[in-house]
Amino acid sequence: MIPDDHPRYRSLVARERIADAVRSGIVVVEGASAHGRGEAFDYLLGEETSASAARAEETAAAFLMAADRPVISVNGNTAALAAVEIRDLAKASGAAVEVNLFHRTEARMEAITAHLNSAGVSVLEGTAERLLPLSHDRALCLREGIGAADVVLVPLEDGDRCEALVAMGKTVITIDLNPLSRTAKTATVTIVDELTRALPNITRACREMTPETQARLIAAHDNTALLRAALEQIQETLADALD
Ligand code: PTJ
């Protein structure tokens, strides 16, 4: 039991969810390590959505709403932490949801799909094909899902699939607390924010999007500026740490 007046309540609940999901096979042990890395970067970012992250979230919503075939790619960590938030974003944006795993087994595919279904997410199913030029199982995706998508949201991603999707001409949006990761540097839109803070903000922006705002955000988008702002945020946190 985590007392709700604990100063690190939110972080402890997230950690508990990851631990439970490791026990149920939804998250791999490596996913717990990825979560810890995210926590460390979140500390350095001040554990709140910065102005530049909020801008990235609005821009992500603009790209999702402008897409013909948007897809949200879900891995174990994302399913464990944010199944309900994924449901809400899928509904607000019209995006399809596909499970795509680095550590892929049929048992995990089924467990994650069942977990998402129980949160009200409708998950694309079918026969996955090796459609991406990658030697690992993230290459496996659905022809009518990620294969045909023009915009793909890939939270907590590893870099080479992001690169492959961009090379295929797709717009790739990522959510990654590490602004130095290969994914962060390669994606079209990088949201340097915590997953469960970022998703509701994107959903709200999708619901409120107007054609004018959508066009303005897409035209003005500069991912390097967003990454630079995230690094400046970390520098500020460090500079103010002992004040
Ligand atoms: O479920 P699978 O088999 O597909 O495996 C998923 C993991 C996460 C194990 C796999 O994709 C992986 O190894 O990812 P990486 O390369 O560790 O990248 C994960 C990135 O997400 C890291 O840069 C973390 O800082 C970041 N991250 C971790 N937790 C969060 C996060 N970013 C946003 N919100 C979080 N809660």
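This is a short conversation about the ligand site and the largest cavity of a predicted model.

Biologist: What should I keep in mind about the model?

Modeller: It is predicted, so local features need pLDDT of at least 70 and side-chain atom pairs count only at pLDDT 80 or more, while totals for chains, interfaces and linings use all residues. Residues are numbered from 1 along each chain as its sequence is written, and side-chain values use heavy atoms, with hydrogens and water left out.

Biologist: What makes Asp176 a polar contact of the ligand?

Modeller: A polar contact is a pair of N or O atoms within 3.5 Å. A polar side-chain atom of Asp176 lies 2.8 Å from a ligand oxygen atom, so the pair qualifies. Glu194 has a polar side-chain atom 2.8 Å from a ligand nitrogen atom, and for Arg37 the distance to a ligand oxygen atom is 3.0 Å.

Biologist: Which helix gives the most to the shell around the ligand?

Modeller: That is H2, with five residues. The shell has seven nonpolar, eight polar and eight charged residues, where Asp, Glu, Lys and Arg count as charged, Ala, Val, Leu, Ile, Met, Phe, Trp, Tyr, Cys and Pro as nonpolar, and the others, Gly among them, as polar.

Biologist: How do you know that the residues lining the largest cavity include no charged ones?

Modeller: The lining consists of Ser50, Ser52, Ala53, Ala56, Thr190, Val192, Leu226 and Ala230. None of these is Asp, Glu, Lys or Arg, so the lining divides into five nonpolar, three polar and no charged residues. H3 supplies the largest share, three residues.

How values were computed. A polar contact is a pair of N or O atoms within 3.5 Å; within protein, one must be able to donate a hydrogen and the other to accept it, and residues adjacent in sequence count only if both atoms are side-chain atoms. Helices (H or I, at least four residues) and strands (E, at least two) are DSSP runs, numbered from the N terminus. On a 1 Å grid over the protein atoms alone, a cavity is a set of points where a 1.4 Å probe fits but cannot get out, and a pocket is an open set with protein on both sides within 12 Å along at least five of seven lines; lining residues have an atom within 4 Å of a point.
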